[in-house]
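User: Please take a close look at the disulfides of this model. I would like a connected account of their geometry, their burial and the fold that surrounds them.

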Amino acid sequence: VAVPADAAGAHRACFCSEAASVAAAGVGQSVVRLADRSNAQGTTLAPANLNADTQELLCDRTCSRGCIGPGCYCEHYDTGSGLDYLTAGSGHLCATPELCRQACFDHATCAGFVLRQGTGICRLFTGYTEAQRATTTFTTGLWTQDPTQDTYTVLPRPSCARAADYATPVGVVVVTQRADLGADWVLAPGEEESLEVTGAGLDPARDRVLVVAANGTCGVSEPFVVGLEAPYQLGRTLLDVWYANASTEVYSPDGRLTKQAATAQAQTFFNLWAPWQRLLDAPSGPAHAATPVTSTTVRAPTYGTRAQHFCPGEDLPADEATLGADARHQCVAKCGQATPCSGPDCFCEGLLFGYDLETSPVLCLDRASCLTVCSGVEACYGVDMHRELPRCFLNLRPVCQEALHERNGQMLLAERSYDFIFKKSTAADAPLVQPLPERPVLVDEQYSCSSILRFRHITFRAGGNFRACLCDSALLPSPRHACSSPADYALDLGVVRVTGVACLVSDTRFRRGTCVPQRWGGLRCYDGPAPVTP
């Protein structure tokens with residue numbers, strides 16, 4: 001199948017039943033092979049009665065004088081004697097079988113076409129009734145025997161010729177331009193190893209991997225939970241998850257879980273299992289309790305800005321005790337759940353997957369909304385506002401007010417990704433406009449980047465084959481930004497082979513294809529050369 005370069009996305013695959021299509025009489029057209037090695041006796045459609053596109057396929061117009069280019073079909077054109085298509089005005093087309101069929105479809109009086117065997121040379125004919133076109137037995141006057149040609153007739157019934165005929169959905173075809181497909185991974189049972197995904201333009205913050213059973217289907221199957229030990233790196237905490245057996249009841253360290261509950265919990269862990277990455281969000285810091293004051297009792301302040309700086313003091317917690325109803329904008333609570341956020345105030349681009357926690361004092365809001373929240377809390381002196389993402393932290397008044405005024409703001413820390421926006425009260429609260437110098441982007445082989453995602457800390461207790469599925473976050477329907485269900489993991493990356501002979505596969509003498517060691521354990525294997533990665 002030829003896939004267009006701009007076809008990235010999810011596409012529905014639909015099926016047409018030819019039998020059902022033909023049964024719907026009177027709509028569309030289908031081709032019936034009337035007789036092998038035969039020549040229909042119907043009248044040839046005259047060249048003057050052909051449409052302009054079909055006239056361009058006439059042999060005596062195109063091939064008799066020579067033709068070069070993609071629209072020429074003269075490879076079977078022969079200038080020998082006695083060939084009927086050499087006669088001027090014979091009406092023969094030098095085309096392909098498909099073009100001959102389409103040409104007949106395009107002419108209401110066409111009853112069928114005679115195709116010279118092994119070529120695309122044909123002639124369109126007319127004059128047959130519908131019953132004659134459908135006959136499968138020899139009838140005098142309909143055709144004569146000819147070992148060099150085959151006769152086809154056209155019936156006024158559909159044969160999957162229209163888009164409306166493909167009314168039965170059978171699945172979804174997902175096309176990605178970012179991930180390399182067709183890899184195999186070889187891991188050793190009982191060892192803490194990893195999965196690496198290669199490609200171009202990958203997003204370590206949002207792309208995710210899901211492991212399903214070997215006979216599962218990516219985009220449909222639930223995560224495989226039996227015999228899997230996965231210490232998932234969730235931001236700055238390490239959570240060990242394991243399941244004991246394949247019975248109806250599944251056990252975890254936290255207590256007895258039903259298999260359904262364990263599967264749901266495993267889905268959540270895979271959704272949050274972020275690639276190992278060098279990610280430092282400087283304003284993230286400890287939260288400090290504060291007494292909330294709603295905006296109804298606080299005069300709306302004006303704000304000043306210190307560009308490319310943040311306040312290193314304590315952040316206000318994003319909880320109900322401090323923010324009331326605005327606590328719902330805490331990033332993980334709003335955007336990191338199985339049920340995606342919907343509505344104009346989601347701003348889920350601000351969630352840093354694999355870094356933010358349920359306790360992080362970060363709000364997913366745009367600048368105006370974040371300042372509105374700060375204005376409603378007396379203890380909030382300002383916000384650390386991300387310069388590109390809808391993401392902010394509320395700053396505690398005494399600490400950040402002192403940092404702003406002490407030594408002319410030198411206690412504020414430089415950070416090119418954030419602006420410190422503060423409640424303005426004095427002339428000394430003037431913006432700092434000095435830009436920060438550019439710094440190079442470094443690629444470290446132990447971390448993830450746009451060309452490779454490194455998923456660390458996964459252990460299979462027993463051998464077996466599994467399937468790795470990718471959630472390409474670029475294909476998530478708007479306004480969603482987080483992978484949340486098996487349907488999101490629709491790209492089949494390849495097979496994860498957990499085997500006790502992984503040590504042998506690592507020896508080039510015992511394998512075919514190409515296998516490369518992964519930075520955090522295990523092998524990544526290909527039938528051909530391995531992709532070049534940092």
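Analyst: The account below begins with the disulfides and then turns to the sheet, the cores and two backbone details.

The structure is a predicted model. A search of the whole structure finds 14 disulfides, and three of them are described here in turn. As general background, a disulfide is a covalent bond between the sulfur atoms of two cysteines.

One of these bonds is formed by Cys-104 and Cys-110, whose sulfur atoms lie 2.0 Å apart. The torsion about the S-S bond of Cys-104 and Cys-110 is about -100°, and the disulfide is therefore left-handed. With regard to solvent, Cys-104 has a relative accessibility of 0% and so counts as buried. Its partner Cys-110 is buried as well, at a relative accessible area of 2%.

Another disulfide connects Cys-311 with Cys-400, with an S to S distance of 1.9 Å. Its torsion about the S-S bond is about -100°, so this disulfide is left-handed. The pair links distant parts of the chain, the two cysteines being 89 residues apart. Cys-311 belongs to the loop between β19 (309-310) and α7 (320-323), whereas Cys-400 sits in helix α10 (residues 397-405). Are these two cysteines buried or exposed? Cys-311 counts as buried because its relative accessibility is 1%. Cys-400 is likewise buried, its relative accessible area being 0%.

A further disulfide joins Cys-341 to Cys-346 at an S to S distance of 2.0 Å. The torsion about this S-S bond is -90°, and the link of Cys-341 and Cys-346 is left-handed. Cys-341 has a relative accessible area of 17%, and because buried means under 20%, Cys-341 is classed as buried. Cys-346 is also buried, with a relative accessible area of 5%.

Two other cysteines may be set beside these for their accessibility. Cys-14 has a relative accessible area of 36% and is partly exposed. Cys-449 is buried, with a relative accessible area of 16%.

The wider fold gives these cysteines their setting. The chain contains 11 helices and 29 strands. Of its 534 residues, 46% count as buried. The chain exposes about 26200 Å², of which carbon and sulfur atoms supply 53%. Among contacts between residues at least 6 apart in sequence, 73% join residues at least 24 apart.

Part of the strand content is arranged in an open sheet of 6 strands, in the order β13-β26-β27-β11-β29-β28, with mixed pairing. At its edges stand β13 (208-213) and β28 (514-517), each with a single partner strand, so one side of each is left without a neighbour in the sheet. From one strand to the next, the twist averages 30°. Within this order, strand β11 (residues 183-187) and strand β29 (residues 523-526) pair in the antiparallel sense over 3 bridges. Trp-185 has Arg-524 in β29 as its bridge partner. In general, strands of a sheet pair through backbone hydrogen bonds, either parallel or antiparallel.

Several strands of that sheet also contribute to the nonpolar interior. The largest nonpolar core has 31 residues, and those with the most contacts inside it are Leu-195, Phe-460, Leu-493 and Val-496. At least two residues of this core come from each of β11, β12 (193-198), β13, β25, β26 (464-471) and β27 (491-498). The strand that gives the most to this core is β26, with 5 residues. A second, separate core comprises 20 residues, including Leu-363, Val-377, Val-383 and Leu-394. In soluble globular proteins, nonpolar side chains tend to be buried together.

Two backbone details complete the picture. Gln-308 has a phi near 55°, a positive value in a residue other than glycine. Gln-308 is placed in the loop between β18 (303-306) and β19, the strand that also borders the loop of Cys-311. Gln-308 is buried, at a relative accessible area of 13%. His-457 likewise has a positive phi in a residue other than glycine, near 60°. His-457 lies in strand β25 (residues 452-460), a strand that supplies at least two residues to the largest core. At 13% relative accessibility, His-457 also counts as buried.

Conventions
Residues numbered from 1 in each chain as written. Predicted model: local features only at pLDDT ≥ 70, side-chain atom pairs only at ≥ 80, totals over all residues. Heavy atoms only, no water. Disulfide = S-S within 2.5 Å. Buried < 20%, exposed > 50% of the residue type's maximum accessible area, 1.4 Å probe, protein only. Helix = DSSP H or I, 4+ residues; strand = E, 2+ residues; numbered from the N terminus. Pairing = 2+ DSSP bridges. Axes fitted to C-alpha atoms, helices over the stretch in contact; angles between N-to-C directions. Contact = heavy atoms within 4.5 Å. Areas by Shrake-Rupley, 256 points an atom, 1.4 Å probe, with all protein chains shown as cover. Core = buried A, V, L, I, M, F, W, Y, C linked by side-chain atoms within 4.5 Å.
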